[in-house]
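Please look over the sequence and the model shown below before reading on. The report that follows takes up the strands first and the nonpolar cores afterwards.

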Amino acid sequence: MAHTLLVAGTASHVGKSTVAAGLCRYLADRGVSVAPFKAQNMSNNARATPGGEVGVSQYVQARAAGVAPSTDHNPVLLKPRGNGESQLILDGEAVGHFEARGYYDEHWGDALDTARAAHDRLAQSHDVIVAEGAGSIAEINLHDRDLANVETARFADADILLVADIERGGVFASLVGTLELVPDDIREQVAGAVITKFRGDRSLLEPGIDEFEDRTGVPVLGVIPYDDPGLPEEDSVALPPVGERAVVGDDDGVPDNESITVAVPRLPRISNFTDLQPLARESGVRVAYVPPDAPIDDADAVVLPGSKNTVDDLLALTDAGFGDRLRAFDGPVVGLCGGYQMLGEEITNAAVEGTDDADHIEGLGLLPVTTAFSESKTVEHVERTLDGVGPLSGANGTVEGYEIHMGDSTLTGEAARPFDSDGAATGSVLGTYLHDLFVNDIARDAFVRNTFESSGIDSPAATAQADGDSYERAAGLIDDHVDLGPLGLPER
(Lines give C-alpha, C1' and ligand atoms only; values in the text may rest on other atoms or scores of the structure.)
Protein backbone atom coordinates (compact mmCIF):
# COMPACT_ATOMS: atom_id res chain seq x y z
CA MET A 1 0.00 0.00 0.00
CA ALA A 2 1.14 3.52 -0.76
CA HIS A 3 2.50 6.00 1.73
CA THR A 4 0.01 8.88 1.87
CA LEU A 5 1.06 12.42 2.74
CA LEU A 6 -1.80 14.83 3.45
CA VAL A 7 -0.96 18.47 2.69
CA ALA A 8 -3.37 20.21 5.05
CA GLY A 9 -3.78 23.93 5.73
CA THR A 10 -4.47 26.35 8.54
CA ALA A 11 -6.86 28.17 6.18
CA SER A 12 -7.94 28.44 2.55
CA HIS A 13 -5.52 29.85 -0.03
CA VAL A 14 -2.37 29.21 2.01
CA GLY A 15 -0.54 27.41 -0.81
CA LYS A 16 -1.63 23.79 -0.40
CA SER A 17 -2.18 23.23 -4.12
CA THR A 18 1.25 24.60 -5.03
CA VAL A 19 3.00 22.54 -2.34
CA ALA A 20 1.14 19.39 -3.46
CA ALA A 21 1.97 19.99 -7.14
CA GLY A 22 5.60 20.67 -6.24
CA LEU A 23 5.81 17.45 -4.25
CA CYS A 24 4.29 15.48 -7.14
CA ARG A 25 6.84 16.78 -9.65
CA TYR A 26 9.73 16.55 -7.17
CA LEU A 27 9.00 12.87 -6.51
CA ALA A 28 8.28 12.03 -10.14
CA ASP A 29 11.62 13.56 -11.15
CA ARG A 30 13.29 11.11 -8.76
CA GLY A 31 11.58 8.06 -10.19
CA VAL A 32 8.95 7.69 -7.46
CA SER A 33 5.52 6.44 -8.58
CA VAL A 34 3.32 9.21 -7.19
CA ALA A 35 -0.31 10.25 -7.61
CA PRO A 36 -2.33 13.24 -6.36
CA PHE A 37 -5.58 12.90 -4.42
CA LYS A 38 -8.23 15.19 -3.02
CA ALA A 39 -11.14 13.34 -1.54
CA GLN A 40 -13.54 16.28 -1.85
CA ASN A 41 -13.03 19.50 -3.75
CA MET A 42 -15.32 22.52 -4.03
CA SER A 43 -14.50 24.43 -7.19
CA ASN A 44 -15.99 25.62 -10.46
CA ASN A 45 -12.58 25.32 -12.11
CA ALA A 46 -12.77 21.77 -13.45
CA ARG A 47 -11.10 19.71 -16.16
CA ALA A 48 -12.30 16.80 -18.30
CA THR A 49 -10.76 13.35 -17.99
CA PRO A 50 -11.83 10.14 -19.78
CA GLY A 51 -13.97 9.28 -16.75
CA GLY A 52 -15.53 12.69 -16.14
CA GLU A 53 -14.80 15.91 -14.26
CA VAL A 54 -12.09 16.62 -11.70
CA GLY A 55 -10.96 19.81 -10.00
CA VAL A 56 -8.30 21.74 -11.85
CA SER A 57 -5.69 21.35 -9.09
CA GLN A 58 -5.80 17.57 -9.19
CA TYR A 59 -5.64 17.64 -12.98
CA VAL A 60 -2.54 19.83 -12.76
CA GLN A 61 -1.01 17.71 -9.99
CA ALA A 62 -1.51 14.56 -12.07
CA ARG A 63 0.31 16.22 -14.95
CA ALA A 64 3.07 17.22 -12.53
CA ALA A 65 3.27 13.61 -11.33
CA GLY A 66 3.51 12.32 -14.89
CA VAL A 67 0.30 10.27 -14.71
CA ALA A 68 -2.89 10.50 -16.73
CA PRO A 69 -5.50 12.60 -14.88
CA SER A 70 -8.27 10.40 -13.50
CA THR A 71 -11.45 10.79 -11.48
CA ASP A 72 -9.71 8.75 -8.76
CA HIS A 73 -7.54 11.82 -8.15
CA ASN A 74 -10.64 13.83 -7.16
CA PRO A 75 -13.56 11.43 -6.59
CA VAL A 76 -15.95 13.98 -5.01
CA LEU A 77 -16.39 17.40 -6.61
CA LEU A 78 -18.87 20.08 -5.54
CA LYS A 79 -19.51 22.87 -8.04
CA PRO A 80 -21.28 25.86 -6.44
CA ARG A 81 -24.10 27.30 -8.58
CA GLY A 82 -25.48 30.01 -6.30
CA ASN A 83 -28.29 30.26 -3.76
CA GLY A 84 -26.51 27.89 -1.38
CA GLU A 85 -26.68 25.02 -3.86
CA SER A 86 -23.94 22.92 -5.49
CA GLN A 87 -23.79 20.29 -8.18
CA LEU A 88 -22.50 17.02 -6.72
CA ILE A 89 -20.15 14.99 -8.90
CA LEU A 90 -19.12 11.48 -7.82
CA ASP A 91 -16.45 9.62 -9.78
CA GLY A 92 -16.68 12.28 -12.49
CA GLU A 93 -20.45 11.99 -13.02
CA ALA A 94 -23.05 14.59 -12.03
CA VAL A 95 -25.49 13.24 -9.42
CA GLY A 96 -27.69 16.30 -8.90
CA HIS A 97 -27.97 19.72 -7.26
CA PHE A 98 -28.17 19.92 -3.48
CA GLU A 99 -28.04 22.42 -0.67
CA ALA A 100 -25.40 21.73 1.99
CA ARG A 101 -27.85 20.12 4.41
CA GLY A 102 -29.25 17.84 1.73
CA TYR A 103 -25.76 16.77 0.70
CA TYR A 104 -24.69 15.89 4.24
CA ASP A 105 -27.99 14.24 5.16
CA GLU A 106 -28.51 12.23 1.96
CA HIS A 107 -25.20 11.79 0.16
CA TRP A 108 -22.40 12.04 2.70
CA GLY A 109 -22.15 8.26 3.07
CA ASP A 110 -21.94 7.78 -0.69
CA ALA A 111 -19.27 10.46 -0.93
CA LEU A 112 -17.18 8.86 1.81
CA ASP A 113 -17.43 5.42 0.20
CA THR A 114 -16.52 6.90 -3.19
CA ALA A 115 -13.44 8.63 -1.77
CA ARG A 116 -12.27 5.54 0.15
CA ALA A 117 -12.57 3.35 -2.94
CA ALA A 118 -10.69 5.84 -5.13
CA HIS A 119 -7.85 6.10 -2.60
CA ASP A 120 -7.64 2.32 -2.35
CA ARG A 121 -7.28 2.01 -6.12
CA LEU A 122 -4.51 4.61 -6.19
CA ALA A 123 -2.76 2.95 -3.25
CA GLN A 124 -2.59 -0.34 -5.14
CA SER A 125 -0.68 1.16 -8.07
CA HIS A 126 1.55 3.91 -6.60
CA ASP A 127 4.27 4.22 -3.99
CA VAL A 128 3.25 7.66 -2.72
CA ILE A 129 -0.06 9.54 -2.70
CA VAL A 130 0.11 13.29 -2.20
CA ALA A 131 -3.30 14.18 -0.83
CA GLU A 132 -4.48 17.77 -0.62
CA GLY A 133 -6.78 18.96 2.12
CA ALA A 134 -9.46 21.63 1.79
CA GLY A 135 -9.64 24.94 3.61
CA SER A 136 -8.59 24.51 7.24
CA ILE A 137 -8.16 21.16 8.95
CA ALA A 138 -9.27 22.83 12.19
CA GLU A 139 -12.92 23.58 11.35
CA ILE A 140 -14.36 22.10 14.54
CA ASN A 141 -17.94 22.45 13.29
CA LEU A 142 -17.12 20.08 10.42
CA HIS A 143 -14.91 17.47 12.08
CA ASP A 144 -17.64 14.82 11.89
CA ARG A 145 -17.94 15.28 8.10
CA ASP A 146 -14.60 16.69 6.93
CA LEU A 147 -13.91 14.38 4.02
CA ALA A 148 -10.88 16.13 2.51
CA ASN A 149 -9.02 16.54 5.81
CA VAL A 150 -10.04 14.49 8.84
CA GLU A 151 -11.55 11.49 7.06
CA THR A 152 -8.71 11.33 4.54
CA ALA A 153 -6.12 11.41 7.34
CA ARG A 154 -7.91 8.52 9.01
CA PHE A 155 -8.74 6.15 6.17
CA ALA A 156 -5.37 6.75 4.48
CA ASP A 157 -3.37 6.62 7.73
CA ALA A 158 -1.63 9.67 6.34
CA ASP A 159 1.29 11.66 7.61
CA ILE A 160 0.20 15.30 7.73
CA LEU A 161 2.19 18.28 6.51
CA LEU A 162 0.60 21.44 7.89
CA VAL A 163 0.83 24.51 5.63
CA ALA A 164 0.49 28.08 6.92
CA ASP A 165 0.66 31.37 5.02
CA ILE A 166 2.81 34.04 6.68
CA GLU A 167 1.51 36.77 4.35
CA ARG A 168 -1.79 36.78 6.25
CA GLY A 169 -0.01 37.61 9.52
CA GLY A 170 -0.23 35.63 12.75
CA VAL A 171 1.38 32.56 11.24
CA PHE A 172 2.47 31.04 14.56
CA ALA A 173 -0.92 31.67 16.14
CA SER A 174 -2.52 29.95 13.14
CA LEU A 175 -0.24 26.94 13.49
CA VAL A 176 -0.61 26.59 17.25
CA GLY A 177 -4.37 27.18 17.12
CA THR A 178 -4.80 24.60 14.37
CA LEU A 179 -2.87 21.98 16.33
CA GLU A 180 -5.00 22.72 19.41
CA LEU A 181 -8.26 22.24 17.52
CA VAL A 182 -7.65 19.15 15.38
CA PRO A 183 -8.96 15.84 16.78
CA ASP A 184 -6.47 14.12 19.10
CA ASP A 185 -5.86 11.16 16.81
CA ILE A 186 -5.19 13.46 13.85
CA ARG A 187 -2.85 15.60 15.94
CA GLU A 188 -0.61 12.55 16.39
CA GLN A 189 -0.28 12.23 12.61
CA VAL A 190 1.13 15.74 12.06
CA ALA A 191 4.72 15.15 10.96
CA GLY A 192 5.75 18.73 10.29
CA ALA A 193 4.79 22.22 9.19
CA VAL A 194 5.72 24.49 6.29
CA ILE A 195 5.45 28.28 6.22
CA THR A 196 4.67 29.72 2.78
CA LYS A 197 4.76 33.11 1.01
CA PHE A 198 7.66 34.45 3.07
CA ARG A 199 9.36 37.71 2.11
CA GLY A 200 12.47 38.97 3.86
CA ASP A 201 15.22 37.67 6.12
CA ARG A 202 14.72 34.05 7.22
CA SER A 203 16.84 34.61 10.33
CA LEU A 204 14.17 36.93 11.73
CA LEU A 205 11.79 33.96 11.90
CA GLU A 206 14.12 31.68 13.82
CA PRO A 207 13.07 32.72 17.36
CA GLY A 208 9.44 32.12 16.49
CA ILE A 209 10.21 28.77 14.86
CA ASP A 210 12.23 27.65 17.90
CA GLU A 211 9.45 28.54 20.33
CA PHE A 212 6.78 26.94 18.14
CA GLU A 213 8.74 23.70 17.98
CA ASP A 214 9.34 23.76 21.77
CA ARG A 215 5.64 24.35 22.46
CA THR A 216 4.23 21.76 20.06
CA GLY A 217 6.96 19.24 19.29
CA VAL A 218 6.14 19.70 15.59
CA PRO A 219 9.16 20.57 13.43
CA VAL A 220 9.03 23.38 10.88
CA LEU A 221 10.36 21.59 7.81
CA GLY A 222 10.59 24.58 5.52
CA VAL A 223 10.00 28.25 4.88
CA ILE A 224 9.00 28.79 1.24
CA PRO A 225 9.59 32.25 -0.22
CA TYR A 226 6.83 34.15 -1.95
CA ASP A 227 6.68 32.92 -5.54
CA ASP A 228 3.96 32.19 -8.07
CA PRO A 229 4.97 29.26 -10.29
CA GLY A 230 2.04 30.06 -12.60
CA LEU A 231 -0.20 27.08 -11.80
CA PRO A 232 -3.95 27.47 -12.46
CA GLU A 233 -6.01 28.84 -9.57
CA GLU A 234 -8.24 26.31 -7.87
CA ASP A 235 -11.17 28.56 -7.00
CA SER A 236 -12.52 32.09 -7.09
CA VAL A 237 -10.83 33.09 -3.82
CA ALA A 238 -8.10 34.49 -6.07
CA LEU A 239 -10.57 36.79 -7.84
CA PRO A 240 -11.95 40.13 -6.69
CA PRO A 241 -15.52 40.28 -5.32
CA VAL A 242 -18.21 40.75 -7.98
CA GLY A 243 -18.42 44.51 -7.49
CA GLU A 244 -14.68 45.21 -7.57
CA ARG A 245 -12.02 45.52 -10.28
CA ALA A 246 -8.66 43.72 -10.25
CA VAL A 247 -5.88 43.53 -12.83
CA VAL A 248 -3.61 40.52 -13.39
CA GLY A 249 -0.40 40.60 -15.43
CA ASP A 250 0.60 44.20 -14.75
CA ASP A 251 3.86 43.20 -13.05
CA ASP A 252 5.74 42.34 -16.27
CA GLY A 253 7.72 45.58 -16.51
CA VAL A 254 5.94 46.74 -19.67
CA PRO A 255 4.62 50.34 -19.38
CA ASP A 256 0.84 50.63 -19.35
CA ASN A 257 0.86 52.80 -22.47
CA GLU A 258 2.60 49.98 -24.33
CA SER A 259 0.21 47.31 -23.08
CA ILE A 260 -3.26 46.04 -23.92
CA THR A 261 -6.11 45.33 -21.53
CA VAL A 262 -8.45 42.36 -21.86
CA ALA A 263 -11.63 43.06 -19.89
CA VAL A 264 -13.35 40.07 -18.28
CA PRO A 265 -16.73 40.62 -16.60
CA ARG A 266 -16.56 39.26 -13.06
CA LEU A 267 -19.61 37.00 -13.30
CA PRO A 268 -21.26 36.12 -9.98
CA ARG A 269 -21.01 32.40 -10.87
CA ILE A 270 -17.80 32.49 -12.91
CA SER A 271 -16.19 29.12 -13.72
CA ASN A 272 -13.02 27.94 -15.38
CA PHE A 273 -11.53 31.43 -15.26
CA THR A 274 -8.17 29.65 -15.52
CA ASP A 275 -8.81 30.03 -19.27
CA LEU A 276 -7.55 33.61 -18.85
CA GLN A 277 -4.29 32.86 -17.03
CA PRO A 278 -2.23 32.15 -20.18
CA LEU A 279 -3.14 35.62 -21.47
CA ALA A 280 -2.09 37.29 -18.22
CA ARG A 281 1.36 35.69 -18.54
CA GLU A 282 1.99 37.33 -21.91
CA SER A 283 4.21 40.41 -21.96
CA GLY A 284 2.20 43.60 -22.27
CA VAL A 285 -1.17 41.92 -21.62
CA ARG A 286 -3.30 42.89 -18.63
CA VAL A 287 -6.37 40.85 -17.74
CA ALA A 288 -8.82 43.14 -15.93
CA TYR A 289 -11.70 41.53 -14.01
CA VAL A 290 -14.39 44.21 -14.03
CA PRO A 291 -17.80 44.50 -12.35
CA PRO A 292 -20.76 43.77 -14.67
CA ASP A 293 -21.84 47.43 -14.47
CA ALA A 294 -18.37 48.85 -15.21
CA PRO A 295 -17.49 50.65 -18.47
CA ILE A 296 -15.33 48.76 -20.95
CA ASP A 297 -14.40 51.59 -23.31
CA ASP A 298 -10.86 51.63 -21.88
CA ALA A 299 -10.36 47.95 -22.78
CA ASP A 300 -8.73 46.66 -25.97
CA ALA A 301 -10.54 43.30 -26.01
CA VAL A 302 -13.26 41.52 -24.04
CA VAL A 303 -13.45 37.85 -23.07
CA LEU A 304 -16.66 36.43 -21.60
CA PRO A 305 -15.65 33.48 -19.39
CA GLY A 306 -17.49 30.32 -18.45
CA SER A 307 -20.27 30.23 -15.90
CA LYS A 308 -21.66 27.57 -13.58
CA ASN A 309 -25.08 29.08 -14.23
CA THR A 310 -25.20 30.74 -17.64
CA VAL A 311 -28.81 31.88 -17.37
CA ASP A 312 -28.48 33.71 -14.07
CA ASP A 313 -25.15 35.29 -15.05
CA LEU A 314 -26.63 36.39 -18.38
CA LEU A 315 -29.51 38.02 -16.53
CA ALA A 316 -27.02 39.73 -14.21
CA LEU A 317 -25.11 41.15 -17.19
CA THR A 318 -28.32 42.29 -18.85
CA ASP A 319 -29.59 43.98 -15.70
CA ALA A 320 -26.24 45.78 -15.38
CA GLY A 321 -26.44 47.12 -18.96
CA PHE A 322 -23.37 45.15 -20.02
CA GLY A 323 -24.96 44.00 -23.28
CA ASP A 324 -25.46 47.57 -24.50
CA ARG A 325 -21.84 48.44 -23.75
CA LEU A 326 -20.58 45.27 -25.40
CA ARG A 327 -22.58 45.87 -28.58
CA ALA A 328 -21.00 49.33 -28.80
CA PHE A 329 -17.50 47.93 -28.27
CA ASP A 330 -15.38 47.78 -31.45
CA GLY A 331 -12.47 45.58 -30.33
CA PRO A 332 -12.07 41.77 -30.37
CA VAL A 333 -14.65 39.82 -28.34
CA VAL A 334 -14.36 36.14 -27.41
CA GLY A 335 -16.91 34.04 -25.52
CA LEU A 336 -15.81 30.78 -23.90
CA CYS A 337 -18.38 28.08 -23.12
CA GLY A 338 -21.05 29.88 -21.07
CA GLY A 339 -19.71 33.16 -22.47
CA TYR A 340 -20.30 31.77 -25.98
CA GLN A 341 -23.88 30.89 -25.07
CA MET A 342 -24.44 34.41 -23.72
CA LEU A 343 -23.19 36.00 -26.96
CA GLY A 344 -25.99 34.30 -28.91
CA GLU A 345 -29.49 35.49 -29.65
CA GLU A 346 -31.45 33.24 -27.32
CA ILE A 347 -31.31 30.44 -24.77
CA THR A 348 -34.20 27.99 -24.75
CA ASN A 349 -35.15 25.47 -22.06
CA ALA A 350 -33.53 28.05 -19.80
CA ALA A 351 -35.26 26.80 -16.65
CA VAL A 352 -33.16 23.61 -16.84
CA GLU A 353 -30.11 25.52 -15.64
CA GLY A 354 -31.30 28.84 -14.29
CA THR A 355 -33.30 29.82 -11.27
CA ASP A 356 -35.46 31.93 -13.59
CA ASP A 357 -38.73 30.23 -14.55
CA ALA A 358 -38.72 31.56 -18.12
CA ASP A 359 -38.23 29.06 -20.91
CA HIS A 360 -36.67 31.61 -23.30
CA ILE A 361 -33.98 34.10 -22.31
CA GLU A 362 -32.73 36.74 -24.71
CA GLY A 363 -28.98 36.64 -25.29
CA LEU A 364 -26.56 39.51 -25.88
CA GLY A 365 -27.13 39.20 -29.63
CA LEU A 366 -23.57 39.43 -30.95
CA LEU A 367 -23.61 36.01 -32.65
CA PRO A 368 -26.34 34.32 -34.76
CA VAL A 369 -26.63 31.40 -32.35
CA THR A 370 -29.42 29.80 -30.31
CA THR A 371 -28.60 27.53 -27.38
CA ALA A 372 -31.00 24.85 -26.11
CA PHE A 373 -30.35 23.50 -22.63
CA SER A 374 -30.97 19.89 -21.65
CA GLU A 375 -30.28 17.68 -18.63
CA SER A 376 -27.37 15.92 -20.38
CA LYS A 377 -23.85 17.19 -19.84
CA THR A 378 -20.88 17.14 -22.22
CA VAL A 379 -17.55 16.34 -20.53
CA GLU A 380 -14.68 15.50 -22.86
CA HIS A 381 -11.16 16.28 -23.93
CA VAL A 382 -11.19 17.45 -27.55
CA GLU A 383 -8.85 18.16 -30.43
CA ARG A 384 -9.96 20.61 -33.08
CA THR A 385 -8.67 22.04 -36.34
CA LEU A 386 -8.55 25.81 -36.03
CA ASP A 387 -9.35 27.89 -39.11
CA GLY A 388 -8.58 31.30 -37.71
CA VAL A 389 -11.19 34.01 -38.23
CA GLY A 390 -12.16 37.17 -36.38
CA PRO A 391 -10.13 37.61 -33.18
CA LEU A 392 -8.11 34.49 -34.11
CA SER A 393 -7.45 35.42 -37.74
CA GLY A 394 -4.11 34.19 -39.01
CA ALA A 395 -4.10 31.11 -36.77
CA ASN A 396 -4.39 27.75 -38.48
CA GLY A 397 -3.61 24.30 -37.12
CA THR A 398 -4.55 21.81 -34.43
CA VAL A 399 -5.63 22.93 -30.96
CA GLU A 400 -6.52 20.93 -27.86
CA GLY A 401 -8.73 21.61 -24.87
CA TYR A 402 -11.77 20.31 -23.08
CA GLU A 403 -15.53 20.82 -23.05
CA ILE A 404 -17.71 20.84 -19.92
CA HIS A 405 -21.17 22.20 -20.62
CA MET A 406 -24.89 21.64 -20.70
CA GLY A 407 -26.77 22.57 -23.86
CA ASP A 408 -26.01 22.71 -27.56
CA SER A 409 -25.72 25.78 -29.78
CA THR A 410 -27.09 26.04 -33.31
CA LEU A 411 -26.34 28.64 -35.97
CA THR A 412 -29.35 30.72 -36.97
CA GLY A 413 -27.60 32.90 -39.57
CA GLU A 414 -24.39 33.48 -41.48
CA ALA A 415 -21.27 32.84 -39.39
CA ALA A 416 -17.91 31.14 -39.82
CA ARG A 417 -17.08 27.93 -37.96
CA PRO A 418 -13.62 28.47 -36.44
CA PHE A 419 -13.19 24.94 -35.03
CA ASP A 420 -14.43 22.19 -37.34
CA SER A 421 -18.14 22.10 -36.46
CA ASP A 422 -17.77 24.05 -33.22
CA GLY A 423 -18.15 27.71 -32.48
CA ALA A 424 -19.20 30.76 -34.45
CA ALA A 425 -17.48 33.94 -35.58
CA THR A 426 -18.63 37.12 -37.27
CA GLY A 427 -16.40 40.14 -37.75
CA SER A 428 -14.47 40.69 -34.51
CA VAL A 429 -16.64 38.39 -32.35
CA LEU A 430 -15.98 34.68 -31.75
CA GLY A 431 -17.54 32.06 -29.48
CA THR A 432 -16.51 28.49 -28.71
CA TYR A 433 -17.09 25.69 -26.21
CA LEU A 434 -13.33 25.00 -26.17
CA HIS A 435 -11.82 25.60 -22.74
CA ASP A 436 -8.03 26.00 -22.59
CA LEU A 437 -8.20 27.81 -25.93
CA PHE A 438 -5.43 30.22 -24.93
CA VAL A 439 -3.16 27.45 -23.68
CA ASN A 440 -2.61 26.69 -27.37
CA ASP A 441 0.22 28.85 -28.69
CA ILE A 442 -1.30 29.44 -32.13
CA ALA A 443 -4.64 30.64 -30.72
CA ARG A 444 -3.13 32.75 -27.96
CA ASP A 445 -0.51 34.33 -30.22
CA ALA A 446 -3.15 35.22 -32.82
CA PHE A 447 -5.51 36.76 -30.28
CA VAL A 448 -2.74 38.82 -28.67
CA ARG A 449 -1.33 39.91 -32.02
CA ASN A 450 -4.73 40.90 -33.39
CA THR A 451 -5.60 42.81 -30.23
CA PHE A 452 -2.33 44.76 -30.34
CA GLU A 453 -2.93 45.55 -34.01
CA SER A 454 -6.52 46.70 -33.48
CA SER A 455 -5.29 48.94 -30.66
CA GLY A 456 -2.47 50.43 -32.73
CA ILE A 457 0.21 49.35 -30.23
CA ASP A 458 3.43 47.52 -31.11
CA SER A 459 3.57 44.08 -29.50
CA PRO A 460 6.54 43.38 -27.17
CA ALA A 461 8.48 40.13 -27.30
CA ALA A 462 6.43 37.21 -25.98
CA THR A 463 7.43 35.73 -22.63
CA ALA A 464 4.56 33.38 -21.86
CA GLN A 465 5.47 30.60 -19.44
CA ALA A 466 4.83 26.99 -20.42
CA ASP A 467 3.05 24.58 -18.07
CA GLY A 468 6.14 22.39 -17.75
CA ASP A 469 8.09 25.35 -16.40
CA SER A 470 5.39 25.86 -13.77
CA TYR A 471 5.73 22.28 -12.56
CA GLU A 472 9.50 22.53 -12.31
CA ARG A 473 9.29 25.87 -10.51
CA ALA A 474 6.88 24.36 -7.98
CA ALA A 475 9.20 21.37 -7.53
CA GLY A 476 12.13 23.76 -7.07
CA LEU A 477 10.35 25.41 -4.15
CA ILE A 478 10.19 22.01 -2.45
CA ASP A 479 13.72 20.98 -3.37
CA ASP A 480 15.31 24.23 -2.23
CA HIS A 481 13.30 24.99 0.89
CA VAL A 482 11.70 21.88 2.45
CA ASP A 483 13.33 19.06 4.43
CA LEU A 484 11.46 15.93 3.38
CA GLY A 485 13.38 13.52 5.62
CA PRO A 486 10.90 13.52 8.54
CA LEU A 487 8.10 12.78 6.07
CA GLY A 488 9.69 9.55 4.91
CA LEU A 489 10.22 10.96 1.41
CA PRO A 490 13.46 11.16 -0.60
CA GLU A 491 15.53 14.14 0.53
CA ARG A 492 17.25 16.67 -1.70
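## The open sheet

In what order do the seven strands of the open sheet lie? The order is β13-β16-β14-β17-β19-β25-β24, with mixed pairing. β13 (246-248) and β24 (424-426) stand at the edges with a single partner strand each, so one side of each lacks a neighbour in the sheet. Strands here are DSSP runs of E of at least two residues, helices are runs of H or I of at least four, both numbered from the N terminus, and two strands pair if DSSP finds at least two bridges between them.

This is a predicted model, in which local features need pLDDT of at least 70 and side-chain atom pairs count only at pLDDT 80 or more, whereas totals for chains, interfaces and linings use all residues. Residues are numbered from 1 along each chain as its sequence is written, and side-chain values use heavy atoms, with hydrogens and water left out.

## Pairing of two strands

β13 and β16 (residues 285-290) pair in the antiparallel sense over three bridges, and Val 248 stands opposite Val 287 in β16.

## Nonpolar cores

The largest nonpolar core, a set of buried (under 20% relative accessible area, 1.4 Å probe, protein chains only) Ala, Val, Leu, Ile, Met, Phe, Trp, Tyr and Cys residues joined through side-chain atoms within 4.5 Å, has 61 residues. Among those that touch the most other members are Val 302, Leu 326 and Phe 447. Helix α13 gives the most to this core, with five residues.

A second, separate core of 47 residues includes Leu 6, Ala 39, Ala 115 and Ala 118.

Terms used
Buried < 20%, exposed > 50% of the residue type's maximum accessible area, 1.4 Å probe, protein only.
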